[in-house]
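Me: I'm new to this structure and would like a close look at a single part of it. Could you pick one stretch and walk me through how the pieces around it fit together?

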Amino acid sequence: MDLLKSLSAKLGVTRDQARGGAGLLLRWAGQAMGPQDFSEAMKLLPEAQEFLAETVGMSGHVEEACLKPPSPTEAFPDLVSGFRSLGLEGGMVLRFLPFILAFVQIKGGDQINSLREEDLS
């Protein structure tokens, strides 16, 4: 699965917007997983490093979205601000999510699913 191509084609965003939005959501998800599990997940998703690198140096709400605990009610406005800084509408956060989930499941396979199951238990 070429995530950037899928996001660009299906959502009408540029590759840079796709890369930045994916990076924001992956960094935010990393907060829910904790550093050790996130590190393991990134080993299974080496191309995700490209998306994460896109968010380095972003300031303001983008950094806040990635540093706050991943409570949807607290972090969602910051994620929206991060997406807006990429030139995207805030509602695109929700439109990106199914693509990110599919990417993680396809690329990470059973190993990533076991990490996610441990987080839920």
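Reply: Here's a walk along helix α2 and the parts that meet it.

A quick word before we start: this is a predicted model. The protein chain has 7 helices and 0 strands, so to speak in plain order along the sequence it goes α-α-α-α-α-α-α, by the helix definition used here. Of its 121 residues, 44% count as buried. If you take contacts between residues at least 6 apart in sequence, 68% of them join residues at least 24 apart.

Now to α2, which covers residues 15–33. Let's start with its partner α1, residues 3–11. The two helices pack at an angle of about 115°, and their axes are 9 Å apart. The crossing of α1 and α2 is right-handed. On the α1 side, the contact is made by L3, L4, K5, L7 and S8, while α2 brings R15, A18, R19 and A22.

How does α1 present itself? Its buried residues are L3, L4, L7, S8 and L11. Around the axis they cover an arc of only 130°, which puts them on the same side of α1. There's a simple bit of helix geometry behind that kind of pattern: with 3.6 residues a turn, residues three or four places apart in an α-helix point the same way. K5, A9 and K10 sit on the other side of α1 and are exposed. Notice that K5 is exposed and still takes part in the contact with α2.

S8 deserves a pause. This residue of α1 has a relative accessibility of 19%, so S8 counts as buried; the cut-off is under 20%. Setting aside neighbours within four places in sequence, S8 is in contact with V13, T14, R15 and A18.

Next, look at A22, which lies in α2. Its relative accessible area is 0%, so A22 is buried. Leaving out residues up to four places away in sequence, A22 touches L3, F51, F96 and I100. A22 and V93 are 71 residues apart in sequence, yet their C-alpha atoms are 9.3 Å apart in space.

Further along α2 you come to G30. G30 is buried too, with a relative accessible area of 6%. Its C-alpha atom is separated by 9.4 Å from that of M42, which is 12 residues apart from G30 along the chain. G30 also helps α2 meet α3: L26, G30 and M33 in α2 meet P35, D37, F38 and A41 in α3.

That brings us to how α2 and α3 are arranged. They pack at an angle of about 130°, with their axes 7 Å apart. The two helices are therefore oblique to each other. Their crossing is right-handed. Within α3, the buried residues are D37, F38, A41 and M42. These cover an arc of only 140° around the axis, which puts them on the same side of α3. P35, Q36 and K43 are on the other side of α3, and they are exposed.

Let's step back to the core. In soluble globular proteins, nonpolar side chains tend to be buried together. In this model, the largest nonpolar core has 32 residues, and L3, L7, V13, F51, F83 and F96 touch the most other members. At least two residues of this core come from each of α1, α2, α3, α4, α6 and α7. The largest share, 8 residues, is from α7.

Some of those core residues tie straight back to α2. L3, F51 and F96 are among the residues that A22 touches. F83 touches G21, L24, L25, L88, E89, M92, V93 and F96, again not counting residues up to four places away in sequence. F51 belongs to α4, where the buried residues are A48, F51, L52 and T55. Seen down the axis of α4, these fall within an arc of 95°, so they line one face of the helix.

To put the picture together, α2 meets α1 through residues including R15 and A22, and meets α3 through L26, G30 and M33. A22 also reaches F51, F96 and I100. If you'd like to trace one path by eye, start at S8 in α1, go to A18, one of its contacts, then on to A22 in α2 and finish at G30.

Technical notes
Residues numbered from 1 in each chain as written. Predicted model: local features only at pLDDT ≥ 70, side-chain atom pairs only at ≥ 80, totals over all residues. Heavy atoms only, no water. Buried < 20%, exposed > 50% of the residue type's maximum accessible area, 1.4 Å probe, protein only. Helix = DSSP H or I, 4+ residues; strand = E, 2+ residues; numbered from the N terminus. Arc of directions from axis to C-beta. Core = buried A, V, L, I, M, F, W, Y, C linked by side-chain atoms within 4.5 Å. Contact = heavy atoms within 4.5 Å. Axes fitted to C-alpha atoms, helices over the stretch in contact; angles between N-to-C directions. Parallel < 35°, antiparallel > 145°, perpendicular 65-115°, else oblique. Left-handed = near helix turned anticlockwise from the far one by under 90°.
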